[in-house]
Amino acid sequence: MAADLYLGLMSGTSMDGLDMVVVAFEEHQIELLHHRQCPLPDELVERLNLLCQPQTLADELHHYALADRAFAEFCAAAVSQFLADLQLAHTDICAIGSHGQTVRHAPSAQPSYTLQLGDANTLAALTGIAVVADFRRKDIALGGQGAPLVPAFHQALFSSSEQPRAILNLGGIANVTWLPGPATGVMGFDTGPANTLLDGWFRRCHPEAPDSFDRHGAFAAQGEVQQELLEHCLADDYFAKPPPKSTGRDDFNLTWLATRAQLTGNQLSEFNPADVQATLIELTARSVAQAMTNWLPNLPETLFVCGGGAYNPLLMSALTAALPQCHWHSTAVLGVNPQHVEAMAFAWLARCYLKKQPGNLPAVTGASRPTVLGGLFLP
Ligand SMILES: Nc1ncnc2c1ncn2[C@@H]1O[C@H](COP(=O)(O)OP(=O)(O)OP(=O)(O)O)[C@@H](O)[C@H]1O
Ligand SMILES: [Mg+2]
């Protein structure tokens, strides 16, 4: 039997680029065939960033609608080029699983909501491929957080029948999945900020730098952790809240950081910039370590990490120091490149949709029941 091919598209909170993967599914086998990352055009990133911050744009709805179409056109062009380079036809692909770009995530609003843009009608029409999109809002409609969604995929891909495993995704936000091994009961939740604050602060301090992030933590390495600032950051209520929980740039952004800094009696601008970067590394490591220690049923000796943060050696050393009893490995050890995992999850969720299989885990998101996620947009 020939394998079914699906395309997964993911652009996370960091907006570092669109990750595209072609994944082959056969019965219980999942095989990554191809990956490409396409940087988002600067102008699109600027527009998306403005939409992520409330009250920065007059006629926000107009700008939302423009970005919705522009992001989809960008994705369609990237997909078409990717497939052409791979010499694959659009008819070779069963469906595209498209996450879209999150511009708001407010699971605690009344009523709660989450918003991903990237018009799936446009993407389907321009690529000629069926698109499954809008994965988060059904879970929200059922009282869930709508996030994180990757734990179900982590279970399909990484679980071991012998021992529990924990997977940490260091994206814009960090989320952890606990896989119980022979027992039942997958857990998962967002631990708090990861690269979103690191990237935001780095860009503010280096607006002209060619990199939009602190490559290998070189800037942070020049600074020293500021304990008082760290303590005020860690005192945010989010960290003490038990799961289910999820968060985003709505909660953790540079305005939040400035407010936490003021609690020390100083303005953020009065701190040495590299010290702030070092403190944000420590904040990520400490909040992850606390969350894993507090909320996971137990802490496996070996922990696996994916997402872009896996490439930041300073962050990885801070995690090792925060949880000295554990060994960290990249998911590459399990055969999956850390940068590919999230996009693969959305290819998998598209397939779940077509097979009418639930994609959410109520124990993770807090939804009232398992459900098929997303909607189908035919070309
Ligand atoms: N070599 C590196 N050194 C330091 N940081 C890196 C390196 N490579 C990637 N990163 C960090 O990883 C980030 C991208 O990670 P990733 O793509 O997993 O996040 P994301 O797109 O926001 O995903 P998510 O949806 O999981 O939040 C970059 O913005 C950067 O901060
Ligand atoms: Mg990314």
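**Close-up 1. A cis peptide bond in the loop between α8 and α9.** Welcome to this predicted model, where our tour opens at Pro-244, found in the loop between α8 (237-240) and α9 (254-262). Look at the link between Pro-243 and Pro-244: the peptide bond there is cis, with omega at about 5°. As background, most peptide bonds are trans.

**Close-up 2. A second cis peptide bond, between Gln-110 and Pro-111.** Here omega is about -10° for the cis bond that joins Gln-110 to Pro-111. To find Pro-111, follow the chain into the loop between β5 and β6 (113-117). The strand β5 spans residues 101-106, and β5 is among the elements that give two or more residues to the side of domain 1 touching domain 2.

**Close-up 3. Met-15 and its positive phi.** Which loop holds Met-15? Met-15 sits in the loop between β1 (4-10) and β2 (18-26). Its phi is near 55°, a positive value in a residue other than glycine. For a reader new to backbone angles, it helps to know that most residues other than glycine have a negative phi.

**Close-up 4. The surroundings of ligand 1.** There are 23 residues around ligand 1, and those that come nearest are Ser-14, Gly-172, Asp-199, His-216 and Gly-308. Ser-14 places a polar side-chain atom 2.6 Å from an oxygen atom of the ligand. Thr-13 also reaches the ligand through its side chain, where an N or O atom is 2.9 Å from an oxygen atom of ligand 1. With Tyr-311 the backbone takes part: one of its polar backbone atoms is 3.4 Å from a nitrogen atom of ligand 1.

**Close-up 5. Where domain 1 meets domain 2.** Domain 1 is made of two stretches of the chain, 4-147 and 340-377, while domain 2 covers 150-334. Their C-alpha centres lie 23 Å apart. Domain 1 brings 23 residues to the contact and domain 2 brings 28. How much area is buried between the two domains? The value is about 2100 Å², with carbon and sulfur atoms giving 60% of it. Thr-13, Val-341 and Val-364 supply 27% of the area that domain 1 buries against domain 2, more than any other three residues. Thr-13 may be familiar from the previous view, since its side chain also comes 2.9 Å from an oxygen atom of ligand 1.

**Close-up 6. The domain 1 side of the interface, element by element.** Between the domains there are 0 salt bridges, but 7 residue pairs are in polar contact. On the domain 1 side, the elements giving two or more residues are α1 (42-52), β5 (101-106), α12 (341-354) and α13 (362-365). Helix α12 provides the largest share, 5 residues. Sorted by class, this side has 12 nonpolar, 9 polar and 2 charged residues.

**Close-up 7. A salt bridge within helix α1.** Side chains of opposite charge can pair when their charged atoms come close. In this view, the side chains of Glu-43 and Arg-47 meet in a salt bridge, at 3.5 Å from N to O. Why are Glu-43 and Arg-47 separated by about one helical turn? They are 4 residues apart in helix α1, so about one helical turn lies between them. Across the whole structure, a search finds 9 salt bridges.

Conventions. Residues numbered from 1 in each chain as written. Chains lettered and ligands numbered in written order. Predicted model: local features only at pLDDT ≥ 70, side-chain atom pairs only at ≥ 80, totals over all residues. Heavy atoms only, no water. Domains from an automatic or database assignment. Contact = heavy atoms within 4.5 Å. Buried area = accessible area lost by both parts, 1.4 Å probe. Salt bridge = Lys/Arg side-chain N within 4 Å of Asp/Glu carboxyl O. Polar contact = N/O pair within 3.5 Å; in protein donor to acceptor, adjacent residues only side chain to side chain. Nonpolar A, V, L, I, M, F, W, Y, C, P; charged D, E, K, R; others polar. Near = heavy atom within 4 Å.
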